[in-house]
Every structure is written in C-alpha cells, then in structure tokens.
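Open the model in your viewer and keep the sequence panel at hand. Each stop names something to select, then says what is there.

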Amino acid sequence: MTMTPASPSTPQIEYGGPLSSTMIFLLPALALSSKVGLGLVQLMILLLLIRRGRPLLALYRRHWGDIGGVVLAFGGYFLVSLLRLLLDRQSLHTLDGPSRLLFGLSCIGVVYYLRPRARHFWLGLSFAAVLSAVVALYQVTFGGMERAIGFTHHEITFGDLALACGLMSLCGLADLRHTRMSWLPGLGLVCGLLASMLSASRGGWLALPLVLIPVARYGVQIYGRRLLLVGVLLLAVVVLAFAVPATGVAVRIEQAFAEIHSYLTLGDATTSVGIRLELWKASLMMFAEHPWLGVGREQFDVALHALAAQGRLQQSPALIYSSSHNDMLHCLATGGLLDFGLLLAMYIAPLRFFSGQLRRPDQGQRALALAGVIVVVAFFGFGLTDVMFWLMMPKVFYVMMVCSLVGLCLAAQYPAPVPRRILIARTDNIGDVVLTLPLAGYLKQRYPQAEVVFLCRRYAAAVVAQCRHVDQVLTLEELGDDWAHGLARSGCDTMIFTFPMRTLAAAARRAGINRRIGSSHRIHHWYHCNRLATFSRADSPLHEAQLNFKLLLPLGIDHVPPLEQLKTMYGLNTPRHPAADAVLAQPGFSVILHPKSNGNGREWPLQHYTALAALLGKVDGVRVLVTGSAAEGELLAQQAPALLALPNVENLCGKLDLDGFTALIGGCGGLIASGTGPLHLASALGRPAAGLFPPLKPIDPVRWGALGPRARSLVTSPACGQCADPALCTCMLAITPEQVLAVVMEWRAEALVETVPA
C-alpha cells in the first residue's frame, strides 16, 4: 500500500512554547514596574543560559560574525570596569552596573534558543505603554502628583522608558495587522507619548526627531502608506499636547528657553536647565584636566565640589548632583576617552547590527531590526539630557531590549536546525500507537534525511516494527532503570510526546534532548518540555490521528492532513506467521469478532455478538474467529458461553502473539469490534473493518472512528439521551446484529468478485 504524498504546510518560523512568549511579553512591563521585576527576568534568563550553556555558547560562536560587535561592546565595558576596579582598588559594588550589561548578553542566546513569538513582544510593548499611561493619568489626576513617576520613583526614567516602549510598539504594525489587535501598536504609541508628557520630562522629547529619521528611512519600506496614517496621528497628538494647557507641554518648553537665556545672560544655575548647563560646564572642565581616564567613575561629586572650592563653579543646587545629566559628558568626565569610546561602542555596535538586518531580504526580521534601531537612537536622544548608562533601570532596560531584539532577529533569519533523529513517544495502547503511525509517515516525508524512532511499550513493538516509516523501534523496557541514560543513548535531537507521561518527559529533559515537544495542557510539560503546542483534544472536532499533527506546530508546521489522506499514511506491512497462516489456510470467508476492549470504549453487548455469529452460521462459507487475550477468553467463557459453543465459531483467544494476531488480521475477510486496538490495526492494514460506537464525545467515531480505506463506523443516531451512564445507555444495544450482518455480506460479495478470474 503506497502512501499519498503529504501536503507540506506553508513554511513558518519554528517557535518555542508559551513560557518563552510569556517571558518576552512581560519583559517591557516589568522594566517599567520596578528594579526587582526587571532583575528577576534578567536572573531567569541568565539561569537559562547557564543551564543550557554548551549549546547556547555554540550559538554565539556560530553567529559571531553577526553579533560579535554587540558582545564585544557590552562585554568590553565590563572587562574595562573589572580592570579599573583592580587597579584603582574600588569597592566591588562598582561592578554592579557593568555586570548587568554583561549578563544582558545572555538574552541573545536564550531568546534565539527559546524562539518566542515576535507577536508577543509587540503585544508586551504595547501593553507596557498603555499601562504606563494609565498609571501616569492616575498619579497626576487622582494621586495629586505634579509629575508622574510610575513605579520607577524617577520621573525622567519613567517618561523615557514609557516613550521607548511606545515608539518600539509601532514596529508591530505589520505583525499584528491581520489580527484583532491591529489597532494596538497605534494606541501604544499614543500612550507612550502621553506617559512621557505627564512625567514632564522634556529631555525625552529630543529623541522624537531623531527617531523619525530611521522610521522615515526604513518604515515606508516595511509598512507603506500605513505609516503615513501613523505620522498624521503622531502629529495630531503633538499638536494637541501643545494646544491643551492641562498637559503643560507648551509651558514647559517656554520655560526651558527662558531658563537657557537666564543662564547665558545672568549665570542663573538654580533652574532645572541652568543646573544641567552648570553640570555640563563642570564635566568639560574635568575632561580637560583628565582626558584619558577621567576623574574616576565614583568621583564625580568629589571633583564637582573641588571645582566649586576653587571658585571655578558658582555655589548652586548643581553641587548636590552626582552625575552630569548627559551620558557622553558624564563618560568623558568620569572615564575619559576610554569610557566615552565604550559608550559609543554600545550605541554603534547594535546600530550596525540592526542596520545590516534592515538591508537584508525580509525573513521576518526587518520590523524587529527597526525596533532595535529605534531603541538605540531613542536612548542616544535620552542621553543628551540624562545619564541613562549611570542609572540602573534604563541601563538594564537598554541591554535587555537590544539583546532580545538581536536574538529575535537571528531566530527570524536563521531557521532552527532541521531535526536529524526524531523520537515519537506513544506509550499507551495499541490502538493509540497505530493512530500515531501516520505522524511518522508525514515526518519521514517532511524530513527525508531524518531518522524516525518510535518509543512504545514492549507489547506494541511488534506492530510498530511493521511500519515502513519507522527506522527504529525503542521500548520503555529497553531503556532500563535509568530512562534518561537510555534516551541519551538513542541520539535523538527531537522528541514528540503524543502521549503525556511526566516521568518520561523528566527523563528526556535530563537526557538533554534539544527539542522536547509536548502539550501545554499538561503542567509538567511546562517544565520538562521546551516546545509546547497549545490545543485541546477533548473539545476538538478532529480525529485522534489528526490531533497528533497539532504537536508539530512548534516546528513551524501548521498542517493537519484530511482523513482521506491519513488513511494511506500508516505504512503498515502484514507479517507472515505460521500459526496465523494455518488458520487462514482453512477454507471459507473468515470474519473476526473481537468482543472485548480491555476497558477502552463502550462495548457492543455480548448477546449481539452471539446473535451475529448465529446469523453468520446460516451463510455458506463464512467462518467466525473470536479473538482476544487469554484473560478475555476466560471472561467470554463465563459471560458468553453460547457464543463460543456455536459450531461455526473458532475460539482463538490467547492462542496468538501480537505478530500472529497482526498476520491474522492482515489476511482475514473483515473484523468487527468496538473502538479498540484490533479495529484500528485492521483499518491500518487496509482490511474491511466495522467499528461499533456510541454517539458520546469524546469516544464517538469523530474522535476514534475506524480510519482506513475499507473501514467504516456504525453509530446510533439519534442518541438515547442517557449516554453518560453506561448502565442506562441503550445506544450500543440499538446497533442490531442485522445491521452488522449486512456489512459483512457486502465484504463477502466484494471478496467473491475479487476471486473471480478476469
């Protein structure tokens, strides 16, 4: 039996599980909430890097040509800081900030490895911007605050980070345009601007004209005319902000110009702008005296008071500050040209990476790269009036956003490694195992160079061994006492849990299998699997064999074959077996009755099997073979002795092993059973099969029906109304022996036609 070629799905990016997408969604909101929230995310990412150190470090080596500049920029700042600590004998806490920049580099590898959905990143940015606006409105309107500070306790930091989230969220227009959230990026932009205005941080507004340059340069290529609408919206918001006195924007700008004039003409260093200008003047003096290494990173306030004591600065509120209120000037003053060069590297290296990504053919990375350019340019603008790399929160926000976007760009541009050895785990009943074999066939076609390994229990191995699509059969018993060691020996890089088993998933994690794909509906999979597929088996209209294909979603495969195609995808061969051959060699049309189901499904009444066998006894040339395990044979002897006593019935319960039983089914004229393993085995072997089912979800034919080229399912319609209670349900009883007899007679007629010489 040949298999119909499986239709490939539209190629997609391979994604990780919901946990990774949740992490990338929460990152912007946590950055705006508190140092603790952002620190926890950074710690979690760092622990993930340590846990998967070897493969993740290999990613950095493999893509060094792309990310080397970014790694050297942030890593170089830490190394120089460590060297200065040792030479200047500074306290250890001076490494706190530089170490956060170093640890932030872990975002590149972790995000690339986990492959969260970029859509969740855009949603997270938009949500963070909207949240910041809501908080700002509450603080200013009901909280009695003059300036909104969010949860950061610093007006400028809050306004700048909220604005950055709003500007970056704009880049999600393309990814969200065909969803119900297509309006959210625009709202995020407006809310980011609103939060910035309510924080009354004028310095952040300097970033807007700088950001417009890359948006105009690259945004039109990505978003087309939609960007014009956003531009009009942005202009309207700015005009409204100036026109509405309650925003205070116009007043703050007029005040800034007045304070500049006052400082230049009167030397007034008591105003907000005057203080900054005095600090900038002091910074240039420090740089002029210490051009190479500056006065020291922790010595700004000491040097500031020294200048005032020398009469070179006036006594003003500027003397209480510990920074220059300008990133570049602060670096020049405290670290000289060395720190200034490191600061430029932390701007230029990411900007170079993202600009390169924007020039490449779009594989889903351009919008992400534009967001990267925006965050770099915005932080450069913010740094003109504040020290973004001196304060902890903006520093950590910058490195995590930059490195997360680098990881997302790499994940979009470079597909995950193609699976080379795929392990399908189905460790429950034979029927379930059989219905999983089409998945093996599809994977074999999708990845022709890959090997497919099937893990099952020993009693089902004989069936799987007959599948042409399976390269190796592995049993739980063969794994030994240490399943993790046994799985590691298998050499598989991908494992698909079509049947959830917590201990097996834990063993796969300990074995270090790279891809471990499971259902998100099993809580233990959230810890043990790193690829999760979200779907429901219980509420789905799909057949069990189709539902297995939902587990391919994390591989970027969104394809469920239709039932007619699945019927040809089992790849099962009929084995030869002496005992089965001896039974089949006897004359007559052999019909197998398999009354029991080992407790799986709803069984057809034994009296109906007896009546059917009696009816078949009246048909010339029909043999009835009753099958089952030895234990089921004993039950039949007790519960249906009349069935086994019929002269045309041969009791084969417990007389054949699985190989022999498979050979018997593959050579018989047909099989009748409820929704159990032998029914699915007969269907997969292409034999005539009739499944007897109740109209009760999830054990009805829609989910578990006989699926084969010559298989059919019989079910009562309408339902009796009491199907939930097996003791009261009459649906199985309503399927009459005469109905099943008619099906068998069709099989016999077809068999007679096939045996007539042409």
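**Stop 1: the pair β7 and β10**

Select strand β10, residues 670-674, together with β7. The two strands run parallel and are joined by 4 bridges. Pick out Val 591: its bridge partner in β10 is Gly 670. Bear in mind throughout that this is a predicted model.

**Stop 2: the other side of β7**

Now add β8. Strand β7 covers residues 589-594, and 5 bridges link β7 to β8, again in parallel. Ser 590 is a good marker here, with Arg 623 as its bridge partner in β8.

Stay on β8, residues 622-626. How many of its residues are buried? The count is 5 of 5, so to speak a strand that is mostly covered. In a regular strand, side chains alternate between the two faces of the sheet. Check each face of β8 in turn. Val 622, Val 624 and Val 626 are on one side, Arg 623 and Leu 625 are on the other, and all of them are buried.

**Stop 3: the whole sheet**

Widen the selection to the full sheet. In what order do its strands come? The order is β9-β8-β7-β10-β11-β12, an open sheet of 6 strands with parallel pairing. Look at the edges: β9 (649-651) and β12 (711-715) each pair on one side only. Neighbouring strands in this sheet are turned by 20° against each other on average, direction ignored.

**Stop 4: helix α31**

Select residues 677-684. This is helix α31, and 8 of its 8 residues are buried, so the helix is largely enclosed by the rest of the structure. Click along the helix: Gly 677, Pro 678, Leu 679, His 680, Leu 681, Ala 682, Ser 683 and Ala 684 are the buried residues. Then step just past the end of α31 to Gly 686, which takes a positive phi of about 80°.

**Stop 5: a second sheet**

Move back along the chain to another open sheet. It has 6 strands, paired in parallel, in the order β3-β2-β1-β4-β5-β6. Why do β3 and β6 each have a side without a neighbour in the sheet? Strands β3 (472-475) and β6 (531-533) stand at the edges with a single partner strand each, so one side of each is left free of a sheet neighbour. Here, too, the average turn between neighbouring strands is 20°, direction ignored.

Zoom in on β5, residues 515-519. It runs parallel to β6, and 3 bridges join the two. Ser 519 has Ala 533 in β6 as its bridge partner.

Next, show helix α19, residues 430-446. It lies across β1 (421-425), β2 (451-456) and β4 (494-497). Against β2, helix α19 runs at about 165°.

**Stop 6: a loop residue, Gln 466**

Select Gln 466. It sits in the loop between α20 (461-464) and β3. Is Gln 466 buried or exposed? Its relative accessibility is 17%, which counts as buried. Show what it touches: leaving out residues up to four places away in sequence, these are Gly 571, Leu 572, Asn 573, Pro 575 and Asp 659.

**Stop 7: helix α14**

Go to residues 272-289. Helix α14 has 18 residues, which at 1.5 Å a residue should span 26 Å; its end C-alpha atoms are 26 Å apart, in agreement. Buried residues in α14 include Val 273, Ile 275, Leu 277, Leu 279, Ala 282 and Met 286.

**Stop 8: Ala 162**

Select Ala 162, in helix α8 (residues 155-169). Ala 162 is buried, with a relative accessible area of 0%. Beyond its neighbours within four places in sequence, it is in contact with Leu 32, Ala 129, Ser 132, Gly 192 and Ala 195. Draw a distance to Leu 32: the two residues are 130 apart along the chain, yet their C-alpha atoms are separated by 7.3 Å.

**Last stop: the full chain**

Zoom out. The protein chain holds 34 helices and 12 strands. Its C-alpha atoms fill a box of roughly 120 × 55 × 50 Å along the principal axes. The radius of gyration is 35 Å, whereas a compact globule of 758 residues would have one near 27 Å. Buried residues make up 58% of the 758. The chain exposes about 31,500 Å², with 63% of that supplied by carbon and sulfur atoms. Of the contacts between residues at least 6 apart in sequence, 69% join residues at least 24 apart.

Notes. Residues numbered from 1 in each chain as written. Predicted model: local features only at pLDDT ≥ 70, side-chain atom pairs only at ≥ 80, totals over all residues. Heavy atoms only, no water. Pairing = 2+ DSSP bridges. Axes fitted to C-alpha atoms, helices over the stretch in contact; angles between N-to-C directions. Contact = heavy atoms within 4.5 Å. Expected span 1.5 Å × (residues − 1). Buried < 20%, exposed > 50% of the residue type's maximum accessible area, 1.4 Å probe, protein only. Rg over C-alpha atoms; globule rule 2.2 N^0.38 Å. Areas by Shrake-Rupley, 256 points an atom, 1.4 Å probe, with all protein chains shown as cover.
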